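Colleague: I should be grateful for a close look at a single part of this model. Please describe its surroundings in full and then place them beside another well-described element.

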Amino acid sequence: MRRVLIFLSVLPVTPVLPLLGQTDPRLVEVIRDAQEGDSDSARMKVQQLLTATAPTDTLYPQIVYTQAMVANDAGDMRRQLQRVAVEYSSSSWADDALLRLVQLDYASGNLDGAARNLERIRLDYPGSPLVPQAAYWAARTYFDQKKPDLACRWIADGLKDPSANLELQNQLRYLHQRCGQFAAASAPARADTQARAATPVDSQPTITATTSETTLSPAPPPPQPANNPRADSASAPTAATHYRIQISAVRSKATAESVAGKLKSKGFDPITVEEAGLYKVRVGDYRTKAEAAAAVPQVKAKLGGSPFVVVGS
């Protein structure tokens, strides 16, 4: 069963954040200690578990995430969440970490930071079951930034996601009322723009007044012939789009090479792409997004984690 987010005392409680169930009983005990007020014991237990676990173990990102949940302050919490989101971006906890960072940024008034992490969720984890919860925070963030078009796009995505519970849907519908107000306010401006676009442009020669005489300006030159090299170049077809499945995104080139080596040993043919300071390891080469999406379950069965489809290079 998919995890949902735990919510401790660092952020204000909202009705859209149900409690999270850790998958390891030792981490469940850590969370229980923290909820019962024994934070020092919780932090000691999670640190011991972290020390005894290899960073390559699939449990490791969950331990780091739990360490963030029982952190002593918001700064330490943020550091641990960023580790999960960056160093373990292919784990099933990365989208949770990003959403938690969104909440931290929103609570501290860093709306730009919240927006950046929201866009990472949208682009890197489009199939995440946390999208409806992300939509709630995106709506609040973008409405506060006076960007109702982005807020309303997120709300629409959240409402059409079947994983949203009834309470969350009600919250999104309440926020969606502002989208109707935005549409009504922007309708006159759109109508004026459309009217201007529909106004025919006079193609006849224009009369230009000068101090000494009135002259006729020549009509604009005829369009270039079809065999114009520039026109041919502009109409040339673009390269076909390819899709791949992203496995990991890490800051270290050595780590990316290590991941790629493990993928090769399991029969994959990985490529590594450097983008925005991250080394992204991907597999497959598909002509359509549907083909790539159909291959994701097979890849996940072999590798675990949260592989997802991206536009490949």
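**A serine in a loop, and the first helix**

Modeller: In this predicted model, Ser-90 is partly exposed, because its relative accessible area is 21%, and residues count as buried under 20%. Ser-90 sits in the loop that connects helix 4 (74–87) with helix 5 (94–107). Leaving aside residues up to four places away in sequence, Ser-90 is in contact with Ile-247, Ser-248, Gly-305 and Ser-306. Two of these partners can be described further. The C-alpha atom of Ser-248 is 4.7 Å from that of Ser-90, although 158 residues separate the two along the chain. For Ile-247, the backbone oxygen is reached by the side chain of Ser-90 at 2.9 Å.

Helix 1 (residues 25–35) offers a second view. Its buried residues are Leu-27, Val-30, Ile-31, Asp-33 and Ala-34. These residues lie on the same side of helix 1, because they cover an arc of only 160 degrees around the axis. In general, an α-helix has 3.6 residues a turn, so residues three or four places apart point the same way. The buried residues of helix 1 pack against helix 2 (39–52) and helix 3 (60–69).

Both ends of this element can also be described. At the N-terminal end, Asp-24 acts as the cap of helix 1, with a side-chain oxygen 2.8 Å from the backbone nitrogen of Arg-26. After helix 1 comes Gly-37, which has a positive phi, near 95 degrees.

Conventions:
Residues numbered from 1 in each chain as written. Predicted model: local features only at pLDDT ≥ 70, side-chain atom pairs only at ≥ 80, totals over all residues. Heavy atoms only, no water. Helix = DSSP H or I, 4+ residues; strand = E, 2+ residues; numbered from the N terminus. Buried < 20%, exposed > 50% of the residue type's maximum accessible area, 1.4 Å probe, protein only. Contact = heavy atoms within 4.5 Å. Polar contact = N/O pair within 3.5 Å; in protein donor to acceptor, adjacent residues only side chain to side chain. Arc of directions from axis to C-beta.
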